[in-house]
Amino acid sequence: GVMVLAMLATGAWGWLYAQVFERCVTPLAGAEAASLAMALAFVALDAHGERSFSFYRPPAADLLFRAEHYLPACFDGTACFHVCSNSLTEADIAAATFEGMERARSAVAVVSLDLNLRPALWPADVDPSPRLWQALERADLIKLSREELDYLAAPLGADGDAQVLRRLLAAQARWVIVTDGAHATTDACANGDIDERVHFFTCAPEIFAEDSRIHIGVKTDRH
């Protein structure tokens with residue numbers, strides 16, 4: 001089964017989230033209530049199916065989740081612990097996220113990260129990169145979009161894609177997945193010493209609706 005670790009608002013939105021989780025038979029493990037508002041995201045689709053986001057956060061209840069809110073037994077028997085960068089946008093919630101990743105690793109769970117970078121959620125005076133890399137280097141399974149790979153590679157020069165993948169695969173990553181919608185991409189990432197660990201394949205659009213081309217980097221020397 002799936003468990004959700006969350007900090008919910010005490011108002012109507014928090015109640016609604018809790019009801020949805022319960023109806024989906026998804027236990028809220030470690031859920032706490034806070035008097036702040038619930039973070040909200042509105043997703044709009046253009047004529048080509050491309051998404052745009054509007055966020056209402058901060059202040060929001062989810063930013064108050066701390067390491068002490070993890071229940072003592074919530075990692076027992078856990079197979080996979082999944083996070084995204086939305087819980088890295090402030091220092092305290094980032095520390096709680098890193099703590100969860102470390103506890104999951106100690107429990108021999110797969111640590112999964114969908115970067116899911118939303119710049120609008122980050123304070124204007126904060127560079128996301130250091131915290132993003134702290135999370136990326138703790139993850140076994142990493143999902144990036146093409147735009148996110150470009151973002152990470154931008155400071156690194158012409159072979160930035162390859163440098164990013166090398167760094168990820170030299171850390172904890174066993175798999176790196178990069179999606180690029182329905183667009184075909186080049187094999188620019190698969191060169192040099194990572195060539196044998198980066199494989200390309202195309203998935204049917206009906207399986208990955210807008211992320212139909214998948215790139216996977218596999219760290220073959222780990223089990």
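A residue is taken as buried when its relative accessible area is under 20%, as exposed when that area is over 50%, and as partly exposed in between. By this criterion, the buried residues of helix α2 in the present structure, which is a predicted model, are I93, A94, A96, T97, F98, G100, M101 and A104. Helix α2 comprises residues 91–106, and what covers its buried residues includes strand β5 (80–84), strand β6 (110–114) and helix α3. A91, which is found in α2, is partly exposed, because its relative accessible area of 48% lies between the two limits. The C-alpha atom of A91 is separated by 9.6 Å from that of L63, although the two residues are 28 residues apart along the chain. The length of α2 was also examined: at 1.5 Å a residue, its 16 residues should span 22 Å, and the end C-alpha atoms are 23 Å apart, which agrees with that expectation. The helix is followed by V108, for which phi is positive, near 60 degrees.

The strands that cover α2 are themselves paired. Strands β5 and β6 run in the parallel sense and are joined over 5 bridges, with C80 having V110 in β6 as its bridge partner. Together with the intervening helix, the elements β5, α2 and β6 make a right-handed β-α-β unit. Strand β6 is in turn joined to β7 by 3 bridges, again with the two strands running parallel, and L113 stands opposite I142 in β7. Between these two strands the chain crosses from β6 through α3 to β7, and this β-α-β crossover is right-handed as well. The pairing extends from β7 to β8, which are parallel over 5 bridges, and here I142 has V176 in β8 as its bridge partner. I142 is thus placed opposite L113 and is also paired with V176.

The loop between β5 and α2 contains S85, which is buried, with a relative accessible area of 0%. When residues up to four places away in sequence are not counted, S85 touches L113, D114, L115, N116, L117, W122 and L132. Among these contacts, L113 is the residue that stands opposite I142 in β7.

Attention then turns to helix α4 (residues 146–153), whose buried residues are R146, E148, L149, L152 and A153. Seen down the axis of α4, these residues fall within an arc of 160 degrees, so they line one face of the helix. An α-helix has 3.6 residues a turn, so residues three or four places apart point the same way. The buried residues of α4 pack against α3 (129–136), β7 (141–145), α5 (160–170) and β8 (175–179).

A search of the whole structure finds 8 salt bridges. One of them is formed by R146 and D161, whose closest N and O atoms are 2.5 Å apart; this pair links distant parts of the chain, with R146 in helix α4 and D161 in helix α5, 15 residues apart. R146 counts as buried at 15% relative accessibility, and D161 is likewise buried, with a relative accessible area of 15%.

A second salt bridge joins E137 to R167, the closest N and O atoms being 2.7 Å apart. E137 lies in the loop between α3 and β7 whereas R167 lies in helix α5, so the pair ties together parts that are 30 residues apart in sequence. In this case both partners are accessible in part, because the relative accessibility of E137 is 31% and the relative accessible area of R167 is 39%, values that fall between the limits for buried and exposed residues.

A further salt bridge is formed by R174 and D140, with the closest N and O atoms 3.7 Å apart. This pair links distant parts of the chain, R174 being in the loop between α5 and β8 and D140 in the loop between α3 and β7, 34 residues apart. Both R174 and D140 are buried, whereas E137 and R167 are partly exposed. R174 and D140 also belong, together with R105, to a network of salt bridges.

Conventions: Residues are numbered from 1 along each chain as its sequence is written. This is a predicted model: local features need pLDDT of at least 70, side-chain atom pairs count only at pLDDT 80 or more; totals for chains, interfaces and linings use all residues. Side-chain values use heavy atoms; hydrogens and water are left out. Buried means under 20% relative accessible area, exposed over 50%, partly exposed in between (1.4 Å probe, protein chains only). Helices (H or I, at least four residues) and strands (E, at least two) are DSSP runs, numbered from the N terminus. The arc is that of the directions from the helix axis to the C-beta atoms. Contact means heavy atoms within 4.5 Å. The expected span of a helix is 1.5 Å times one less than its number of residues. Two strands pair if DSSP finds at least two bridges between them. A crossover is right-handed if, with the strands pointing away from the viewer, the path from the first strand over the helix to the second runs clockwise. A salt bridge is a side-chain nitrogen of Lys or Arg within 4 Å of a carboxyl oxygen of Asp or Glu.
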